[in-house]
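Welcome to this structure. Here are a few notes to read alongside it, taken one point at a time.

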Amino acid sequence: MILIDGKLLASEIKEKLKVEVSELKQKNIHPKLAVILVGDDFASKKYVNNKKIACEYVGIEQELIELGSDIIEEELIKVIEKLNNDESVHGILVQLPLPKHIDSYKIISIINPNKDVDGFHPENVGKLSIGCEGLISCTPNGIMRLLEKYNIDVWGKNCVVIGKSNIVGKPITMLLLKENATVTVCHIETRDISSITRQADVIIVAAGKLGLITSDMIKPGVVIIDVGINRNEDNEICGDVDFDGCKNKASYLTPVPGGVGPMTIAMLMENCVKVAKNISLYHE
Ligand code: NAD
């Protein structure tokens, strides 16, 4: 089994971006990401901090806007509109989940799609579905880059996606279809998942369920991309795959941590630089 090293590829990408950012700065373009954090959810704060560390490394300026969990929708919309109109801001990211009284879809739809570095705006989601250039959501984009790096061609292959969220399952399905894979999407209501996974050449699992994929569910030589983030009984971070059980049967496998996670952040950085570069072309 070959271990797919997301940490390594993510650091290669960040090194390249570092150079591109310094070239942009020479043209007086200073890439900047605005991050809106509503409330004080522990996991969200940790994710935001990881993004801040990556921004600092690459040279992207980060503005963190922290808002109370009792903020009303109208106020949040005003904050986003201000950032939409601020020419010094290239990327806008609203850390999800938002408090229950706020309509996340409405909030994401307010972001200028050209600054939507998470790729969640309906315009970018639509572009992805029809195979047009737009800002692609970071986790699925990172998965495709990992497959590319390891020369794993999905053309005509049986790819099984487990999970149908807007953040991972649906967009990765679109990207796989774009590459002419045959895609089956499974979710919590799917019956007899193992009969489907046993046919898979590639499995992408994003369910958030510890130990969901076991060795009896896979065929020898399968490629497995594990997106899940869970805690085991020892409080260690683990994916959705029974790693030890599957490692001798799979041909390629992503570790958790160190697989998809670092790629998500690298793709966010890449999207910020992409927006800043487009602006630089506009000024030339
Ligand atoms: P979600 O909760 O929005 O969606 C989970 C999906 O999995 C649903 O479609 C559900 O039907 C399906 N599912 C759940 N349990 C299942 C089961 N037992 N069998 C089959 N299908 C099942 O979650 P999400 O936002 O897509 O995230 C999924 C996982 O990926 C989570 O663990 C999350 O933390 C992780 N994640 C990781 C990254 C990363 O960068 N590594 C990014 C996003 C999400």
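In what order do the six strands of the open sheet run, and is the pairing parallel or antiparallel? The first point below takes this up. Before that, please keep in mind that this is a predicted model, in which local features need pLDDT of at least 70 and side-chain atom pairs count only at pLDDT 80 or more, while totals for chains, interfaces and linings use all residues. Residues are numbered from 1 along each chain as its sequence is written, and side-chain values use heavy atoms, with hydrogens and water left out.

1. The sheet. The order is β1-β11-β8-β7-β5-β6, and the pairing is parallel. Strands here are DSSP runs of E with at least two residues, helices are runs of H or I with at least four, and both are numbered from the N terminus. Two strands pair if DSSP finds at least two bridges between them. At the edges sit β1 (2-3) and β6 (182-186), each pairing on one side only.

2. Both ends of the sheet. Strand β1 is joined to β11 (residues 252-253) by two bridges, and Ile2 has Tyr252 as its bridge partner in β11. Five bridges link β5 and β6, with Cys186 in β6 as the partner of Ile162. Four of the five residues of β5 (residues 158-162) are buried; buried means under 20% relative accessible area, exposed over 50%, and partly exposed in between, using a 1.4 Å probe and protein chains only.

3. Domains and the largest core. The chain is divided into domain 1 (28-112) and domain 2 (138-261), with bounds from an automatic or database domain assignment. Their C-alpha centres lie 29 Å apart. The largest nonpolar core (buried Ala, Val, Leu, Ile, Met, Phe, Trp, Tyr and Cys residues joined through side-chain atoms within 4.5 Å) has 54 residues, and those with the most contacts inside it include Leu33, Ile60, Ile225 and Met269. Helix α10 (residues 260-283) gives the largest share, eleven residues. Both domains contribute residues to this core, so it lies between them.

4. A closer look at the cores. Which residues does Ile225 touch, leaving aside those up to four places away in sequence? They are Ile4, Ile143, Leu147, Ile203, Ile204, Val205, Thr254 and Val260, where contact means heavy atoms within 4.5 Å. Apart from the largest core lies another, of 18 residues, among them Ile71, Leu83, Val89 and Ile107.

5. A buried acid. Asp118 lies in the loop between α4 (104-110) and α5 (122-129). Asp118 is buried yet has no salt bridge, and the nearest side chain of opposite charge, Lys51, is 5.3 Å away. Lys and Arg count as positive and Asp and Glu as negative; His and the chain ends are not counted. A salt bridge needs a side-chain nitrogen of Lys or Arg within 4 Å of a carboxyl oxygen of Asp or Glu.

6. Salt bridges. The structure holds 13 of them. One joins Lys277 and Glu20 (3.0 Å, N to O), linking helix α10 to helix α1 (residues 6-26) across 257 residues. Lys277 is partly exposed at 35% relative accessible area, whereas Glu20 is buried at 15%. Another joins Glu270 and Arg145, with the closest N and O atoms 2.7 Å apart. Glu270 is in helix α10 and Arg145 in helix α6 (residues 138-149), so this pair ties together parts that are 125 residues apart in sequence. Through shared partners, Lys16, Glu20 and Lys277 form one network.
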